[in-house]
Amino acid sequence: MAKEHFKIIPVKKILENTASHFNNVSLDTISSSDLDNLRNWKNAHRKYFFLKSIITKKMQLQWFEEFKQRDDDYMFILNYEENKIGCIGYRLLDGLVDIYNVILGNKSFASKGLMSFAIKLLCSYILDNYKSDITVRVLLDNPARKWYEKNGFEEVGVKSDYVLMKFNADNFKFIKYNILPL
Ligand SMILES: CC(C)(COP(=O)(O)OP(=O)(O)OC[C@H]1O[C@@H](n2cnc3c(N)ncnc32)[C@H](O)[C@@H]1OP(=O)(O)O)[C@@H](O)C(=O)NCCC(=O)NCCS
């Protein structure tokens, strides 16, 4: 079955009542036209990820073909004011919803809170659609551990080279959203 294409778009009325000022933002499921961005962003940040080798075009294409066949594995592009600025994905892994491939690709949008908004929007969607815990695996030496903590994740276990972090929804401000087909 072909993978569905959709965008997660926050409800504007809710946004106007909150501190967030990101009106023109959405998470869009990837298509083949996003593969170059995904590859370049991942290669540029490979020191923060498990796979350290450079991803070639051929490898990226092979990943995409396999990805299309997998259920419960979604990758999104963060779209902000018509700019593709980063990516974030989730997949079911060992009975957990594993958030992965979180990258701010376009550094001119750094530290604006946009990626924080993206992970909160994605967690809102996941909470609605899955019963499993939301987790992320972060390499021990990645300073982004602090970033995940700011966004509601807590460290629950340390392995040889990564820390497992779990999302705590207790004080989470759910972002209301709509799903639109792409
Ligand atoms: C983690 C990442 C997505 C955050 O992107 P961002 O758009 O800069 O973050 P936001 O604007 O949402 O968050 C801003 C806050 O987080 C802090 N922050 C951002 N990136 C950080 C990082 N890598 N480590 C620690 N703190 C970070 C900022 O200082 C800022 O703090 P402030 O609100 O107190 O000023 C980005 O740094 C990135 O792409 N890192 C490389 C890839 C990576 O490590 N991904 C995670 C793999 S598990």
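This is a short talk on one predicted model with a ligand, taking the sheet, then two buried residues, then a helix, two loops and the ligand shell.

Let me start with the sheet. The model has an open sheet of nine strands, in the order β7-β8-β6-β5-β4-β3-β2-β1-β9, and the pairing is mixed. At the edges are β7, residues 153-158, and β9, residues 177-181, and each of these pairs on one side only. From one strand to the next, the twist averages 30°.

I will walk along the sheet from the β9 end. Strand β1, residues 6-10, pairs with β9 in the antiparallel sense, over five bridges. If you want a residue pair to find on the screen, take Ile9, whose bridge partner in β9 is Asn178. On to strand β2: β1 and β2 run antiparallel, and two bridges join them. Here you can look for Lys7, which has Asp28 as its bridge partner in β2.

Strand β2 covers residues 25-29, and it is joined to β3 by five bridges, again antiparallel. The pair to look for is Ser26, with its bridge partner Asn79 in β3. On the way to strand β4, residues 83-93, there are eight bridges from β3, and these two strands also run antiparallel. Asn79 comes up again here, since its bridge partner in β4 is Lys84. So Asn79 has a bridge partnership with Ser26 and another with Lys84.

β3 and β4 form a hairpin, with two residues between them. In that turn, Glu81 has a positive phi of about 50°.

At the other edge, β7 and strand β8, residues 162-167, are antiparallel and joined by five bridges. Glu154 is a useful marker there, with Lys166 as its bridge partner in β8.

Now back to β3 for a closer look. How many of its eight residues are buried? Six are, so the strand is mostly covered. Phe76 sits in this strand, which spans residues 73-80. Phe76 counts as buried because it has 24 C-beta neighbours inside 10 Å, where the cut-off is 20 or more. Setting aside residues up to four places away in sequence, Phe76 touches Leu27, Asp28, Thr29, Ile30, Cys87, Ile88 and Gly89. There is also a long-range relation to mention: Phe76 and Leu122 are 46 residues apart along the chain, and their C-alpha atoms are separated by 9.3 Å.

The second buried residue is Ile134, in strand β6. It counts as buried because there are 22 C-beta neighbours inside 10 Å. Which residues is Ile134 in contact with, leaving aside neighbours within four places in sequence? They are Val97, Ile99, Cys123, Ile126 and Phe167. Asp98 is 36 residues from Ile134 in sequence, and the two are 6.0 Å apart in space, C-alpha to C-alpha.

Next, a helix. Helix α3 runs over residues 57-69, so 13 residues, and reaches 19 Å from its first C-alpha to its last, close to the 18 Å expected at 1.5 Å a residue. Is α3 buried or in the open? The number of buried residues is zero of 13, so the helix lies largely in the open.

Two loop residues have backbone angles to point out. Most residues other than glycine have a negative phi. Asp94, in the loop between β4 and β5, has a positive phi, near 50°. Asp94 is exposed, because there are 7 other C-beta atoms within 10 Å. Ser111, in the loop between β5 and α4, also has a positive phi, near 55°. Ser111 counts as exposed, with 9 C-beta neighbours inside 10 Å.

Last, the ligand. There are 20 residues around it, and those that come nearest are Tyr48, Leu104, Met115, Ser116 and Pro143. The elements that give two or more residues to this shell are β5 (96-104), α4 (114-129), β6 (134-139) and α5 (144-150). Which of these gives the most? That is α5, with four residues. By class, the shell has 12 nonpolar, five polar and three charged residues.

That is the end of the tour.

Notes: Residues numbered from 1 in each chain as written. Predicted model: local features only at pLDDT ≥ 70, side-chain atom pairs only at ≥ 80, totals over all residues. Near = placed C-beta within 6 Å. Nonpolar A, V, L, I, M, F, W, Y, C, P; charged D, E, K, R; others polar. Buried ≥ 20, exposed ≤ 12 C-beta atoms within 10 Å, placed from the backbone. Contact = placed C-beta atoms within 7 Å. Expected span 1.5 Å × (residues − 1). Pairing = 2+ DSSP bridges. Axes fitted to C-alpha atoms, helices over the stretch in contact; angles between N-to-C directions.
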